[in-house]
Each structure stands twice: as structure tokens, then as C-alpha cells.
Protein chains: 2
Amino acid sequence: MEVTINETQANTIQEKVKTFFDPNNHPAGFCPVKDVVDRIGDKWSLLAILNLGYGERLRFNQLKTQIEGISQRMLTVTLRSLERDGLVNRYVYAEVPPRVEYELTPMGEKLLVKVWELADWAIEYKAQILESRAAYDKKAAKKTRS
Amino acid sequence: MEVTINETQANTIQEKVKTFFDPNNHPAGFCPVKDVVDRIGDKWSLLAILNLGYGERLRFNQLKTQIEGISQRMLTVTLRSLERDGLVNRYVYAEVPPRVEYELTPMGEKLLVKVWELADWAIEYKAQILESRAAYDKKAAKKTRS
DNA sequence: CTGGATCCCGTTGGATACTG
DNA sequence: CAGTATCCAACGGGATCCAG
């Protein structure tokens, strides 16, 4: 399952970087890169997307339970934001007590796939990252002590 | 270039979600998902990785110029953090004036590929997202006025 | 040129209480 | 149950000055 990067692939991405960061390619002050970073760069959006998963509608409290540590407020805010961007659908049932369900839109599911590839990366290199951190901290500690 | 999600793919990811979020699979309180979110979830890490790109070493000020809007402080902080996690190498030359160069490690390059797939998603759906936002805001405004 | 140290402000986000 | 409203602490991150 090792991913190898060949020359061609590298050049393709290299090229993308250049065109993507050229201000002429996004004149309206809307840089898609920054935008995607902002979208996923908050504390909870990615976790919400991952927990929504495929095909099933989840209720508010189901999500709240699944996403460990999220507050009610932040779940609401996060879901609203995702809904605004067209990544999740929100279904409100006129019942008492109220029932609200959420699901990923097709666009959101496409994003989910990409996000899981990121997660795969994290799994693959988890040990190496922890190791690197430990080594770095050890060296830093030694430097401070001397 | 349309990405289609088939049943098998969906089930695979579904399964991953379950195993990944099962506390028994990461007992030491270290959840790889949360960790990767934290890693990329800050304002500048992704942009730094994207700008580092493949194979070339970049100097501090080159990066500072390329990453529009980043402050000196945050570039330093971000690069240190990436170095600590083993995603970038840092080369210091004993010169006057000093010269410091950065490059992605192999592990960092693997991440770069994933990140660019995210960026691809952003490009593909950029218009749709903006449209969705506009529609959402329009509806919200109407509701407020009434 | 690179980047550490400090100061300081705006935003994020948690806790809590209240509503349809 | 699924929110909204308010308050407030913590933190991110910009500006500035200083140093090797």
C-alpha cells in the first residue's frame, strides 16, 4: 500500500502549485486554496464530515455523542456552516419533541473521500510522527539544559 | 474527471469510520484523526506544505513572500511545528548573512499529494460552493426581514 | 537574513441558562 | 430534542523590537 511519487506526478503537482497561486487565476480576491483551508481549518468541520459518513441521516444528538468533546453550540455552528456551503442537508420534522436529521450532500460525500485519504496518511505515518516529535523534544530539552 | 462513489467504496469508508472512531483502537488517548485535524487545522500549515512543493529547497524569505499574508512569526512557528513532526527538513548554513533552507521530507511529500487532492476538490466545487452560500444568505436575509 | 521575545488585541469556543 | 443567547476565558496570531 506504499504510495510512491514518480517524476511525472511531481511535475504535475508542481505545475498546479504555480497556476494555483498565480493571482491572475483568481482575480476576485477569492483564492480557492485559502478557501478550502478555511473550510476545513476549523476545529470541528472535518470531524463532523467524517462522522456523518455515507448514506445515513443522523440526528443532532447522535452526532453530538459521536463527536467526542464537541459542545452543543459548536456542533450547531459547524453544521450551519456546512449547510451554508452545500455540504450537508438538514431535515426538520414538525414533531414534538422536534427531530432534525443531517446527511452529507453528494458534494459533501466527494469531500469525505478526500478527507479519508488524509486520514489514511495519518494512520500510515502516525508512529513515525510520534517518533519524530519525541526526538525533536529530546534534542530541544538538551539544548535548554546546557 | 468526475469522481463517482460506488457502493463498495462507500462501504469501505463506512467501515473505516467505525474502526477509526472506536476508542479501543487508540487506547493511549491518541486519536490519529483528531491529530491529523489538529496538524492541518491551523491557519498556515497546509499553505506552507503546498508552497514547499517538490524537490526544491526554499529559503525563509522566499516562503514568506510566496505565502501571502503570513507574518514572520507565524512562518517561524509553523515551520518549527512541521519540522518537529518530521514533515520538513531544515538546513542552516553557517554564513553571514545567515541562510536557512527548507524542504519537505518524503513523509511530507506524501502528505502534499493528499492535500492537493483536497485542493482539486476545492477547484471542482468552487462555483457550487459560492452559489450555495449566496442562496443560503439570501434565504436567511429574507427570514430576518419578515 | 533569520528568527527569538514581548506585548496586545480579536476571535474561538466552552459553560450555562433559557425557549419552542 | 434541538436549538438560541449571553458571558467570559484561552488562545492564536499580528506588530514591533531586538539579536546572532
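Helices and strands here are DSSP runs, numbered from the N terminus. That is all you need to find your way around. Keep in mind throughout that this is a predicted model.

**Stop 1: a loop threonine in chain B**

Select Thr105(B). You'll find Thr105(B) in the loop between strand E3 (99-104) and H6 of chain B. Is Thr105(B) buried or exposed? With a relative accessibility of 8%, Thr105(B) counts as buried, since the cut-off for that is under 20%. Now show the backbone of Gly86(B): the Thr105(B) side chain reaches the backbone oxygen of that glycine at 2.8 Å. Setting aside neighbours within four places in sequence, Thr105(B) is in contact with Gly86(B), Leu87(B), Val88(B) and Asn89(B).

**Stop 2: another threonine, another setting**

Stay in chain B and jump to Thr65(B), which sits in helix H4 (residues 60-66). Thr65(B) has 65% relative accessibility and counts as exposed. Its side chain also goes for a backbone oxygen, that of Asn61(B), at 2.8 Å.

**Stop 3: the nonpolar core**

Next, pick Trp121(A) and Trp121(B) together. The largest nonpolar core has 76 residues, and these two tryptophans are the ones with the most contacts inside it. Keep Trp121(A) and show what surrounds it. Which residues is Trp121(A) in contact with, leaving aside its neighbours within four places in sequence? From chain A there is Ile129(A). From chain B there are Val36(B), Leu87(B), Met107(B), Lys110(B), Leu111(B) and Lys114(B). You may recognise Leu87(B) from the first stop, where it was in contact with Thr105(B).

**Stop 4: where the chains meet**

Colour the two chains separately and look at the interface. On one side are 62 residues of chain A, in contact with 64 residues of chain B. The size of an interface is often given as the accessible area lost when the parts come together. Here the area buried between chain A and chain B is about 6300 Å², with carbon and sulfur atoms giving 68% of that.

For the polar side of things, count four salt bridges between chain A and chain B. There are also 14 residue pairs in polar contact between chain A and chain B, both residues being at pLDDT 80 or more. To see what chain A brings to the interface, select helix H1 (7-21), helix H2 (32-40), helix H3 (45-52), helix H5 (72-84) and helix H6 (106-145) of chain A: these are the elements that give two or more residues to the side touching chain B. The largest share of that side comes from H6(A), with 25 residues. By type, the chain A residues that touch chain B divide into 34 nonpolar, eight polar and 20 charged.

**Stop 5: salt bridges across the interface**

Select Asp137(A) and Arg84(B). They form a salt bridge, with the closest N and O atoms 2.5 Å apart. Then select Asp137(B) and Arg84(A), whose side chains also meet in a salt bridge, 2.5 Å from N to O. This pair crosses between chains, from helix H6 (residues 106-145) of chain B to helix H5 of chain A. How accessible are the partners? Asp137(B) is partly exposed, with a relative accessible area of 36%, and Arg84(A) counts as partly exposed at 26% relative accessibility.

**Stop 6: salt bridges in chain A**

Over all chains the count comes to twelve salt bridges. One of them joins Arg39(A) and Asp85(A), with the closest N and O atoms 2.4 Å apart. Arg39(A) lies in helix H2 and Asp85(A) in the loop between H5 and strand E2 (88-93), so the pair ties together parts of chain A that are 46 residues apart in sequence. Both Arg39(A) and Asp85(A) are buried.

Compare Arg99(A) and Glu95(A), whose side chains meet in a salt bridge at 2.7 Å, N to O. Arg99(A) counts as partly exposed at 21% relative accessibility, and so does Glu95(A) at 36%. Now go back to Arg39(A) and Asp85(A) and add Arg133(B): salt bridges that share partners join the three into one network.

**Stop 7: Arg57(A)**

Finish at Arg57(A), in the loop between H3 and strand E1 (58-59) of chain A. Arg57(A) counts as partly exposed, at 34% relative accessibility. Show Tyr93(A) too, as a polar contact of 3.0 Å joins the two side chains. Beyond neighbours within four places in sequence, the contacts of Arg57(A) include Gln62(A), Tyr91(A), Glu101(A), Tyr102(A) and Glu103(A).

Terms used:
Residues are numbered from 1 along each chain as its sequence is written. Chains are lettered from A and ligands numbered from 1 in the order in which they are written. This is a predicted model: local features need pLDDT of at least 70, side-chain atom pairs count only at pLDDT 80 or more; totals for chains, interfaces and linings use all residues. Side-chain values use heavy atoms; hydrogens and water are left out. A nonpolar core is a set of buried Ala, Val, Leu, Ile, Met, Phe, Trp, Tyr and Cys residues joined through side-chain atoms within 4.5 Å. Buried means under 20% relative accessible area, exposed over 50%, partly exposed in between (1.4 Å probe, protein chains only). Contact means heavy atoms within 4.5 Å. Buried area is the accessible area (1.4 Å probe) that two parts lose on being put together, summed over both. A polar contact is a pair of N or O atoms within 3.5 Å; within protein, one must be able to donate a hydrogen and the other to accept it, and residues adjacent in sequence count only if both atoms are side-chain atoms. Helices (H or I, at least four residues) and strands (E, at least two) are DSSP runs, numbered from the N terminus. Ala, Val, Leu, Ile, Met, Phe, Trp, Tyr, Cys and Pro count as nonpolar, Asp, Glu, Lys and Arg as charged, and the others, Gly among them, as polar.
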